[in-house]
Amino acid sequence: MDKRGALSSKEELDLNQSFLEQNKLPSVYFSASQLCKSCGISRTMLIKLEKGGILTPHHVNPGTGYRWYDLFNVSRLQQYQALRIMGLTTSEIRSYLGFGDMSPEEVLSQLQERLRILQEGVEAYASRLSKDK
């Protein structure tokens with residue numbers, strides 16, 4: 001510990017390793033920084049997803065407050081990212097991931113409706129471009 005009472009990096013690593021061993025956590029668990037780095041998200045985004053209930057750490061070390069994520073969390077985060085890329089809102093994703101009553105068929109229906117609207121917009125834009133020429 002330094003003068004301020006903060007743990008050194010080695011002490012933090014030892015404390016976390018001890019926590020993993022005591023709780024018999026296998027090495028398939030990821031720290032918050034490992035999860036962020038491997039999934040390409042910021043720490044701020046991770047915190048927002050936790051506050052929104054989309055992600056919940058598998059374990060929290062009571063000594064350090066470090067959060068540990070399992071493969072289910074990685075999968076859920078990847079699902080979230082894929083659904084965001086497809087254009088779903090966070091509330092729609094929450095519903096789809098089991099926080100509401102949206103079935104996969106309803107998600108597909110919403111995506112098809114969005115695609116229809118986008119296609120109409122593209123056609124209208126193309127029509128305006130051809131008229132301007």
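The following questions and answers walk through a predicted model, looking at its nonpolar core, two of its helices and its salt bridges.

Residues are numbered from 1 along each chain as its sequence is written, and side-chain values use heavy atoms, with hydrogens and water left out. Because the model is predicted, local features need pLDDT of at least 70 and side-chain atom pairs count only at pLDDT 80 or more, while totals for chains, interfaces and linings use all residues.

Visitor: Which elements give two or more residues to the largest nonpolar core?

Guide: A nonpolar core is a set of buried Ala, Val, Leu, Ile, Met, Phe, Trp, Tyr and Cys residues joined through side-chain atoms within 4.5 Å, where buried means under 20% relative accessible area, exposed over 50% and partly exposed in between, with a 1.4 Å probe and protein chains only. The largest such core here has 19 residues, of which Leu35, Leu46, Leu49, Leu55, Leu77, Leu88 and Ile93 touch the most other members. Helices (H or I, at least four residues) and strands (E, at least two) are DSSP runs numbered from the N terminus, and the elements that give two or more residues to this core are α2 (32-39), α3 (43-51), α4 (71-85), α5 (90-99) and α6 (104-132).

Visitor: Leaving aside neighbours within four places in sequence, which residues is Leu35 in contact with?

Guide: Leu35 is one of the core members that touch the most others, and contact here means heavy atoms within 4.5 Å. Once its neighbours within four places in sequence are set aside, the contacts of Leu35 are Phe30, Leu46, Leu55, Tyr69, Val74 and Leu77.

Visitor: Within what arc do the buried residues of α2 fall?

Guide: The buried residues of α2 are Ala32, Leu35, Cys36 and Cys39. The arc is that of the directions from the helix axis to the C-beta atoms, and the buried residues of α2 line one face of the helix because, seen down its axis, they fall within an arc of 95°.

Visitor: What is on the other side of α2, and what covers its buried residues?

Guide: On the other side of α2, the exposed residues are Lys37 and Ser38. The cover over the buried residues of α2 includes β1, α3, β3 and α4.

Visitor: Is Ser31 buried or exposed?

Guide: Ser31 has its place in strand β1 (residues 30-31), and, not counting residues up to four places away in sequence, Ser31 touches Arg67, Trp68 and Tyr69. A polar contact is a pair of N or O atoms within 3.5 Å; within protein, one must be able to donate a hydrogen and the other to accept it, and residues adjacent in sequence count only if both atoms are side-chain atoms. One such contact, of 3.2 Å, joins the side chains of Ser31 and Ser33. With a relative accessible area of 11%, Ser31 is buried.

Visitor: Which residues of α3 are exposed on the face turned away from its buried side?

Guide: The buried residues of α3 are Leu46, Leu49 and Glu50, and they are on the same side of α3 because they cover an arc of only 100° around the axis. What covers these buried residues includes α2, β3 and α4. The face turned away from the buried side of α3 carries the exposed residues Thr44, Lys48 and Lys51.

Visitor: How many residues apart in sequence are the parts that Arg67 and Glu50 tie together?

Guide: A salt bridge is a side-chain nitrogen of Lys or Arg within 4 Å of a carboxyl oxygen of Asp or Glu, and the structure holds four of them. One joins the side chains of Arg67 and Glu50 (2.9 Å, N to O), and both Arg67 and Glu50 are buried. Because Arg67 lies in strand β3 (residues 67-69) and Glu50 in helix α3, the pair ties together parts whose separation in sequence is 17 residues.

Visitor: Which residues do salt bridges that share partners join into one network?

Guide: The side chains of Glu113 and Arg116 meet in a salt bridge (2.4 Å, N to O), and, being three residues apart in helix α6, they are separated by about one helical turn. Arg116, which counts as partly exposed at 36% relative accessibility, also forms a salt bridge with Glu120, with the closest N and O atoms 2.3 Å apart. Salt bridges that share partners therefore join into one network Glu113, Arg116 and Glu120.
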